[in-house]
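Student: Could you walk me through this structure with a few questions and answers, beginning with the overall fold and ending with the charged side chains?

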Amino acid sequence: MQTDYRSIMLLVHAGSGSGMGGRVASQVAEALRALFPAAELEVQETKSREHIREVGQTAQVDVLCCLSGDGSVHDLAQTLVARKGEKRPILAPIPAGSGNDYARTLGFPLDPLKAVATLPQCEAFKVDVGRVNSTYFLETLSFGVDAAVALNTEKLRLTTKTRGGVLYAQAAIGAILHEFHAHNVKVRVEGREEYSLKALLLAVQNGPTYGGGFRVAPNASIVDGMLDMYLVSGISKLSALYYLTQMKTGKHEHLKGISYHKLPRVELEFENQPPAQCDGEKLEGSKFSIDVLSEALEVLAVPNASVGR
């Protein structure tokens with residue numbers, strides 16, 4: 001572990017977690033000053049997604065702490081990953097959103113002040129990043145009912161005070177009841193023949209969770225150079241609700257209608273444009289080329305978190 005950082009930036013998304021980011025920002029900044037007294041601390045509040053990406057592209061600091069949810073961390077990654085051959089900050093996501101799945105994968109407590117308190121003990125890891133077409137993803141990529149759930153989660157977050165797994169469960173029930181239909185897709189896996197299927201749910205995971213801790217890919221790791229793909233087909237709405245309860249704790253892999261693949265790349269071609277999401281952000285299109293970039297980003301993680309394993 002390293003504690004002699006000379007410069008730290010705290011990037012604050014004040015609106016994350018129904019305003020939690022803004023409420024705890026000053027306390028987080030005070031904690032950083034106390035924990036790293038020799039470091040110069042710069043605090044910035046996000047102005048837009050474009051501003052977040054600009055910070056990822058230009059920040060000249062040792063550590064970039066992002067007090068936010070998964071969306072802002074996703075936006076930072078789009079430019080941080082592209083910074084090669086130059087000084088690039090180590091990313092430290094401080095959870096203050098509704099899902100916080102990437103911070104969870106890195107082992108951080110979900111309370112932002114407790115998460116900051118772990119930073120002096122954290123270790124730097126070079127981790128994998130997923131890529132779909134020209135967009136990077138840190139944790140999750142999904143299509144069909146899965147994606148509809150994630151997109152519904154964002155809508156509910158803006159109209160309710162619910163957060164985390166409960167918010168995701170509410171969105172999932174709504175999607176299963178109202179947006180439950182299969183999508184025709186051709187799957188091309190490296191070294192295997194192309195095959196077609198009707199997918200109700202198709203998730204390609206870099207990390208193990210989505211939706212605030214649902215362990216859709218319990219064996220996924222962000223340091224193994226592979227992606228974990230889950231496909232669900234041929235089940236009823238009632239079964240889907242049961243599957244949802246099993247996915248919460250990662251006990252769904254043995255269930256009928258689920259297939260699992262660990263792979264470095266895959267191509268998907270849908271007959272019609274499906275609901276699609278990437279780290280909770282809406283994704284457009286019907287053809288998707290997906291792969292993993294090994295050791296493409298450096299992050300801080302809590303010791304013994306096993307960064308996703």
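Tutor: The chain has eight helices and 16 strands, where helices (H or I, at least four residues) and strands (E, at least two) are DSSP runs numbered from the N terminus. This is a predicted model, in which local features need pLDDT of at least 70, side-chain atom pairs count only at pLDDT 80 or more, and totals for chains, interfaces and linings use all residues. Residues are numbered from 1 along each chain as its sequence is written, and side-chain values use heavy atoms, with hydrogens and water left out.

Student: What share of the 309 residues of the chain counts as buried?

Tutor: A residue is called buried under 20% relative accessible area, exposed over 50%, and partly exposed in between, with a 1.4 Å probe and protein chains only. By that rule, the buried share of the 309 residues is 56%.

Student: Among contacts with a separation of 6 or more, what percentage joins residues 24 or more positions apart?

Tutor: A contact here means heavy atoms within 4.5 Å. Of the contacts in the chain with a separation of 6 or more, the part that belongs to residues 24 or more positions apart is 74%.

Student: How many salt bridges does the structure hold?

Tutor: A salt bridge is a side-chain nitrogen of Lys or Arg within 4 Å of a carboxyl oxygen of Asp or Glu. Counted in this way, the salt bridges in the structure number twelve.

Student: Which residue meets Arg131 in a salt bridge, and is that partner buried or exposed?

Tutor: The two side chains meet at 2.7 Å, N to O. The pair links distant parts of the chain, 160 residues apart, with Arg131 in strand S5 (residues 123-132) and Asp291 in strand S16 (residues 287-301). Arg131 counts as partly exposed because its relative accessibility is 27%. At 15% relative accessibility the partner counts as buried, and that partner is Asp291.

Student: Which residue pairs with Asp224 in a salt bridge?

Tutor: The salt bridge of Asp224 and Lys262 spans 3.0 Å, N to O. The partners lie 38 residues apart, Asp224 in the loop between strand S10 (201-205) and strand S11 (227-232), and Lys262 in strand S12 (residues 258-263). Asp224 is partly exposed because its relative accessible area is 28%. The partner, partly exposed with a relative accessible area of 31%, is Lys262.

Student: Which residues are joined into one network by salt bridges that share partners?

Tutor: In this network the salt bridges have partners in common. The residues joined in this way are Arg49, Arg53, Asp75 and Glu281.
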